[in-house]
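Let's take a short walk through this structure together, starting from one residue and moving outward. Keep the sequence at hand as you read.

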Amino acid sequence: MAVPKYKVSKSKTRSRRAANMKLERPILSECSTCGSKIPSHRVCPKCGYYKGRSVIETERLD
């Protein structure tokens, strides 16, 4: 089993851990009906469609 010869500093350990904690932008897909950007696998809040089917009723602002 490998044993470190010298003590590893806190900054070395923390920088190694912090390398995996980066923020990522949410992946947005385009709604097939109205074309607005929405998170994948969610009902579109503007038109109320999911996978080409009407799922929820939305108010029309005409």
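Here, contact means that heavy atoms lie within 4.5 Å of each other. Keep in mind, too, that this is a predicted model.

With that in place, start at valine 43, which sits in the loop between strand E2 (37-39) and strand E3 (49-50). Setting aside the neighbours within four places in sequence, valine 43 is in contact with Gly48, Tyr49, Tyr50, Val55 and Ile56. Arginine 17 is another matter: 26 residues separate it from valine 43 in sequence, and their C-alpha atoms are 36 Å apart in space.

Is valine 43 buried or exposed? Its relative accessibility is 32%, so valine 43 counts as partly exposed. Now follow the chain to isoleucine 56, in the segment after strand E4 (53-54). Isoleucine 56 also counts as partly exposed, because its relative accessibility is 41%. Together, Val43, Val55 and Ile56 make a nonpolar surface patch of about 210 Å².

Next, turn to the cysteines. How many disulfides does the structure hold? The count is zero. For cysteine 34, the nearest cysteine sulfur belongs to cysteine 44 and is 3.6 Å away; a disulfide needs the two sulfur atoms within 2.5 Å, so this pair does not qualify. Cysteine 34 is partly exposed, with a relative accessible area of 39%. Cysteine 47 is in no disulfide either, and the nearest cysteine sulfur, again that of cysteine 44, is 3.6 Å away. Cysteine 47 is buried, with a relative accessible area of 14%.

Terms used:
Residues are numbered from 1 along each chain as its sequence is written. This is a predicted model: local features need pLDDT of at least 70, side-chain atom pairs count only at pLDDT 80 or more; totals for chains, interfaces and linings use all residues. Side-chain values use heavy atoms; hydrogens and water are left out. Helices (H or I, at least four residues) and strands (E, at least two) are DSSP runs, numbered from the N terminus. Buried means under 20% relative accessible area, exposed over 50%, partly exposed in between (1.4 Å probe, protein chains only). Patches are made of residues with over 30% relative accessible area and no salt bridge: like charges are joined within 9 Å, nonpolar side chains (Val, Leu, Ile, Met, Phe, Trp, Tyr) within 5 Å. Accessible areas come from the Shrake-Rupley method with a 1.4 Å probe; for residues, only the protein chains shown count as cover. A salt bridge is a side-chain nitrogen of Lys or Arg within 4 Å of a carboxyl oxygen of Asp or Glu.
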